[in-house]
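Please open the structure in your viewer and keep the selection panel at hand. The tour below goes from one selection to the next and says what is to be found at each stop.

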Protein chains: 2
Amino acid sequence: MPNQLNKIFKSIADPTRRDIFHLLIVASTALSITQIANHFDISRQGITKHLKVLHQAGLLEMTTKGRERYCMANAGPLREIHDWVAFYEQFWDDKLNRLNQYLKQKGKQNPGG
Amino acid sequence: MPNQLNKIFKSIADPTRRDIFHLLIVASTALSITQIANHFDISRQGITKHLKVLHQAGLLEMTTKGRERYCMANAGPLREIHDWVAFYEQFWDDKLNRLNQYLKQKGKQNPGG
DNA sequence: CAAATATGCAACTGAATGGTTGCTTTATTT
DNA sequence: AAATAAAGCAACCATTCAGTTGCATATTTG
């Protein structure tokens with residue numbers, strides 16, 4: 001399933017999920033759901049929902065160990081976001097002559113939506 | 001207002017808005033609201049709502065000319081997305097030893113959420 | 001001026017979202 | 001075996017969201 005772009009966008013559009021993701025990225029070890037929840041003011045079940053969204057976007061991997069589930073961030077899918085944004089970098093500075101630039105660079109992949 | 005990050009994320013999290021943005025980026029001229037709406041299956045008022053969201057995220061500029069309002073994309077704010085993603089690029093390939101990499105690179109800016 | 005066009009404004013609708021609580025199940029610990 | 005801890009499941013709630021329709025306003029155009 002390569003067309004995950006929208007799920008990834010939706011995932012990281014929520015500030016709590018960005019915080020969870022960041023926490024997992026910089027953590028030294030995988031964290032259990034309860035451990036993650038302890039870092040936030042919302043309930044464990046609320047966290048679980050966010051984890052599910054992150055997981056379905058591929059930004060999170062989980063392994064079960066006994067009664068615990070350990071979560072680890074996977075930054076890989078952010079590459080899709082990077083690529084989407086990269087297309088528009090050519091338009092950052094020059095607000096004029098957009099078409100000219102576009103035509104000049106035609107042939108480059110258009111990431112679309 | 002530099003803390004537009006969330007608005008920008010929310011804006012581009014919607015596929016229709018990404019399409020509108022893309023249309024405006026590659027258009028040769030600024031487009032009126034009706035012209036934009038003609039490219040989509042949803043109503044003009046629906047488009048207007050999307051334009052408002054994009055505008056509030058700084059991704060769109062509008063100028064009124066007579067009874068028409070012309071819209072032009074501004075890719076600049078995408079730089080914030082780029083910067084947010086850039087922090088995580090160091091974690092793309094190596095899913096292990098995350099902490100080591102993090103500590104090694106400490107001092108780099110953490111974009112947070 | 002009248003007709004047509006471009007837009008704005010407001011109310012409404014259905015679905016998704018972020019969050020909660022209560023209870024059950026499963027695993028560990030004592 | 002009993003108590004505790006981790007997590008899942010399901011229902012519920014309020015808000016936001018994407019989209020609609022209807023109507024008013026402003027600007028062109030004939």
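Before the first selection, keep in mind that what you see is a predicted model.

**Stop 1: chain A as a whole**

Select chain A and colour it by secondary structure, so that its 6 helices and 3 strands can be told apart. If you follow the chain along its sequence, these elements appear in the pattern α-α-β-α-α-β-β-α-α. Of the 113 residues in chain A, 43% are buried, and the area that the chain exposes comes to about 6300 Å², with carbon and sulfur atoms supplying 50% of it. Turning to contacts between residues at least 6 apart in the sequence of chain A, 53% of them join residues at least 24 apart.

**Stop 2: DNA strand C**

Next, select DNA strand C together with the protein residues around it, of which there are 21; the ones that come nearest are A:Lys49, A:His50, B:Thr34, B:Arg67 and B:Arg69. By class, this surface has 9 charged, 10 polar and 2 nonpolar residues. Which parts of the strand face the protein? Of the atoms of DNA strand C within 4 Å of the protein, 58% belong to sugar or phosphate, and the rest belong to bases.

Three individual contacts are worth displaying here. At A:Gln45, a polar side-chain atom lies 3.1 Å from a base oxygen of DNA strand C, whereas at B:Arg69 a polar side-chain atom lies 2.4 Å from a phosphate oxygen of the strand. At B:Ile33 the atom in question is a backbone N or O, and it lies 3.3 Å from a phosphate oxygen of DNA strand C. If you now colour the elements that give two or more residues to this surface, you will be colouring helix H2 (15-26) and helix H4 (44-56) in chain A, along with helix H3 (33-37), helix H4 (44-56) and strand S3 (68-73) in chain B.

**Stop 3: DNA strand D**

Now move the selection to DNA strand D, which is surrounded by 20 residues, the closest being A:Thr34, A:Arg69, B:Ser43, B:Lys49 and B:His50. Sugar and phosphate make up 61% of the atoms of DNA strand D that come within 4 Å of the protein. The residues of this surface divide into 8 charged, 10 polar and 2 nonpolar.

Again, three contacts can be displayed one after another. A polar side-chain atom of A:Arg67 lies 3.1 Å from a base nitrogen of DNA strand D, while a polar side-chain atom of A:Arg69 lies 2.4 Å from a phosphate oxygen, and a polar side-chain atom of B:Ser43 lies 2.6 Å from a phosphate oxygen. The elements that give two or more residues to the surface are helix H3 (33-37), H4 and strand S3 (68-73) of chain A, together with H2 and H4 of chain B. Which element supplies the largest share of the surface near DNA strand D? That share, 4 residues, comes from H4 of chain B.

**Stop 4: the aromatic rings**

Leave the DNA and show the aromatic side chains, which form 12 aromatic pairs over all chains. Start with A:Trp84 and B:Phe21, a tilted pair whose rings are 6.4 Å apart centre to centre, with 35° between the planes. This pair crosses between chains, since A:Trp84 lies in helix H5 (residues 78-89) of chain A and B:Phe21 in helix H2 (residues 15-26) of chain B. Both A:Trp84 and B:Phe21 are buried. Extend the selection to A:Phe9, A:Phe87, A:Tyr88 and A:Phe91, which ring pairs link with A:Trp84 and B:Phe21 into a cluster.

In chain B, select B:Trp84 and B:Tyr88, another tilted pair, 4.8 Å centre to centre and with 55° between the planes. Both residues lie in helix H5 (residues 78-89) of chain B, 4 residues apart, which is about one turn of the helix. B:Trp84 has a relative accessible area of 1% and is buried, and B:Tyr88, at 0%, is buried too.

**Stop 5: B:Ile81**

For the last selection, stay in helix H5 of chain B and pick B:Ile81. Is B:Ile81 buried or exposed? It counts as buried, because its relative accessibility is 0%. Leaving aside residues up to four places away in sequence, B:Ile81 touches A:Ile81 and A:Val85 from chain A, and B:Leu5, B:Ile8, B:Phe9 and B:Ile12 from chain B. Finally, draw a C-alpha to C-alpha distance from B:Ile81 to B:Ile12: the two are 69 residues apart in sequence and 9.9 Å apart in space.

Definitions and conventions: Residues are numbered from 1 along each chain as its sequence is written. Chains are lettered from A and ligands numbered from 1 in the order in which they are written. This is a predicted model: local features need pLDDT of at least 70, side-chain atom pairs count only at pLDDT 80 or more; totals for chains, interfaces and linings use all residues. Side-chain values use heavy atoms; hydrogens and water are left out. A residue is near a molecule or strand if one of its heavy atoms lies within 4 Å of it. A polar contact is a pair of N or O atoms within 3.5 Å; within protein, one must be able to donate a hydrogen and the other to accept it, and residues adjacent in sequence count only if both atoms are side-chain atoms. Ala, Val, Leu, Ile, Met, Phe, Trp, Tyr, Cys and Pro count as nonpolar, Asp, Glu, Lys and Arg as charged, and the others, Gly among them, as polar. Buried means under 20% relative accessible area, exposed over 50%, partly exposed in between (1.4 Å probe, protein chains only). Contact means heavy atoms within 4.5 Å. Accessible areas come from the Shrake-Rupley method with a 1.4 Å probe; for residues, only the protein chains shown count as cover. Rings of Phe, Tyr and Trp (its six-membered ring) pair if their centres lie within 6.5 Å; planes under 30 degrees apart count as stacked, over 60 as edge-to-face and the rest as tilted.
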